Amino acid sequence: PVGPPPASAPASEPQAEPRRFMTATDFLDRRDSEQELGPATWGWRGRVRRWSGGTIKPSMGPKEVAYETDRAAIQRDFDGPRTIVFINPKGGAAKTTGVLATGYTFGTVRGGGVVAWDNNETRGTLGIRGTRSSHRNTTRELLEDLGRFKDVYQSRIGDLGAFVRSQGDAHFDVLASDERPDVTGMIHADDFKEVHALLERFYRIILVDTGNNMRAENWLAAAEAADLLVVTSTVREDTGYSGLWMLDALQDAGLTDLKRKCVTVLSDPSPQVDNKLAHDLVQVYEQRTRAVYRVPYDPVLVAGGVVPYAQLSEETRMSWLKACAGMAEGL
């Protein structure tokens with residue numbers, strides 16, 4: 001006889017998702033994200049706080065908030081060393097002053113770990129514009145003595161002190177290009193790679209000042225190694241055109257994603273500039289790079305000598321703070 005059909009097994013109930021508890025790290029992250037800036041120290045808000053003996057604590061104004069936000073962007077952690085390369089094939093495009101101003105900003109805000117390297121194929125001016133040192137060693141001498149750094153367990157950052165030049169209170173170092181008049185050799189791509197690998201071992205931010213020859217091996221090697229390219233230009237038609245021509249050439253050479261990988265810094269070459277030209281340059285470079293930053297004219301940079309970091313105007317320092325925050329975002 002046919003018996004009753006077997007009872008079907010009860011459908012298994014879906015397992016409930018385990019409850020997600022807040023971990024200790026989550027707690028600290030939330031507390032940090034909810035932390036408010038302040039109290040105010042600038043302007044009338046800061047005066048009110050001081051006059052009241054701290055009993056009245058106005059919140060920061062928009063400018064002070066922007067300042068603290070830019071500093072926080074520059075101070076962010078990266079998961080490895082970062083290389084920023086400053087480029088424009090025309091001389092007088094403010095590459096060297098831009099590298100030094102960026103070194104000063106990153107160095108003082110981050111507290112060190114920054115090197116500015118003159119990767120000119122022959123003789124550059126970074127060593128002349130930076131603070132002097134008791135030695136005159138350059139990239140050339142470092143290349144001749146690279147063997148002492150081959151052992152990663154024995155070589156020390158202090159050993160680089162014989163080749164880099166400390167910028168004192170600016171909290172960054174300068175590695176100058178060859179300064180000997182009797183040397184005719186060029187810096188090749190392999191030379192660049194060896195020095196770059198060494199600097200990556202000891203520094204967190206590497207700023208590279210380039211020459212004017214886009215076909216030079218070390219220029220191309222620097223562009224290839226860059227985590228971020230900074231197109232520098234003055235508010236002049238010839239300098240601005242040169243930077244755009246360079247971007248066209250890099251695009252044609254197969255360097256992709258330039259819009260994401262580049263920022264532009266436009267410097268005023270004199271107290272009065274052509275505002276129409278400045279507007280046009282900003283507009284066209286905004287189309288080609290991720291952001292454009294304007295830097296004002298500063299008379300202390302006119303002489304062409306050692307950059308007096310302490311004498312830079314407040315407007316200059318604030319403009320470079322904004323530009324460096326944008327660079328950090330790009331990294």
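Let me begin with the lining of the largest cavity: by class, this lining has one nonpolar, five polar and two charged residues. The model before you is a predicted one, and every value I give is computed from it. The residues that line this cavity are D118, N119, N120, T122, T139, S177, D178 and I187. As for size, the volume of the largest cavity is about 40 Å³. How many cavities of 30 Å³ or more does a search of the whole structure find? The search finds one.

A general remark may help here. Empty space is revealed by rolling a probe the size of a water molecule over the atoms.

I turn now to T138. This residue sits in the loop between α5, residues 126–129, and α6, residues 139–144. Is T138 buried or exposed? T138 counts as buried, because its relative accessibility is 1%, and the cut-off for buried is under 20%. Setting aside residues up to four places away in sequence, T138 touches F163, R165, L175, A176, S177, D178 and E179. Two of these names, S177 and D178, have already appeared in the lining of the largest cavity. The C-alpha atom of T138 is separated by 7.3 Å from that of V164, a residue 26 places away along the chain. In addition, the side chain of T138 is joined to the side chain of E141 by a polar contact of 2.6 Å.

Next, the pockets. The largest pocket has a volume of about 370 Å³. Its lining consists of 22 residues, and those nearest the centre are A94, T97, S267, D268 and L301. Which helix supplies the largest share of this lining? That helix is α4, with four residues. Both α4, residues 95–110, and α12, residues 314–330, supply at least two residues of the lining. In terms of class, the lining of the largest pocket has 13 nonpolar residues, six polar and three charged.

The second largest pocket has a volume of about 250 Å³. Of the 17 residues in its lining, G92, K95, T96, T125 and D209 are the closest to the centre. Here α4 again gives the most, with three residues. At least two residues of the lining come from each of α4 and β5, the latter spanning residues 205–210. What is the division by class in this second lining? There are two nonpolar residues, 10 polar and five charged. For the largest pocket, I recall, the nonpolar count was 13.

Let me move to D70, which lies in helix α3, residues 62–74. D70 has a relative accessible area of 10% and is therefore buried. Leaving out neighbours within four places in sequence, the contacts of D70 are with L321, K322 and A325. These three residue numbers fall within α12, the 314–330 helix that also contributes to the lining of the largest pocket.

Finally, a word on cysteines. C262 is buried, because its relative accessibility is 0%. C324 likewise counts as buried, with a relative accessible area of 0%. How many disulfides does the structure hold? The structure holds zero disulfides.

To close, I return to α4, which gives the largest share of the lining of the largest pocket and also the most to the lining of the second largest pocket.

How values were computed
Residues are numbered from 1 along each chain as its sequence is written. This is a predicted model: local features need pLDDT of at least 70, side-chain atom pairs count only at pLDDT 80 or more; totals for chains, interfaces and linings use all residues. Side-chain values use heavy atoms; hydrogens and water are left out. A disulfide is a pair of cysteine sulfur atoms within 2.5 Å. Buried means under 20% relative accessible area, exposed over 50%, partly exposed in between (1.4 Å probe, protein chains only). Contact means heavy atoms within 4.5 Å. A polar contact is a pair of N or O atoms within 3.5 Å; within protein, one must be able to donate a hydrogen and the other to accept it, and residues adjacent in sequence count only if both atoms are side-chain atoms. On a 1 Å grid over the protein atoms alone, a cavity is a set of points where a 1.4 Å probe fits but cannot get out, and a pocket is an open set with protein on both sides within 12 Å along at least five of seven lines; lining residues have an atom within 4 Å of a point. Grid points are joined across faces, edges and corners, and a volume is the space filled by probe spheres set on the points. Ala, Val, Leu, Ile, Met, Phe, Trp, Tyr, Cys and Pro count as nonpolar, Asp, Glu, Lys and Arg as charged, and the others, Gly among them, as polar.
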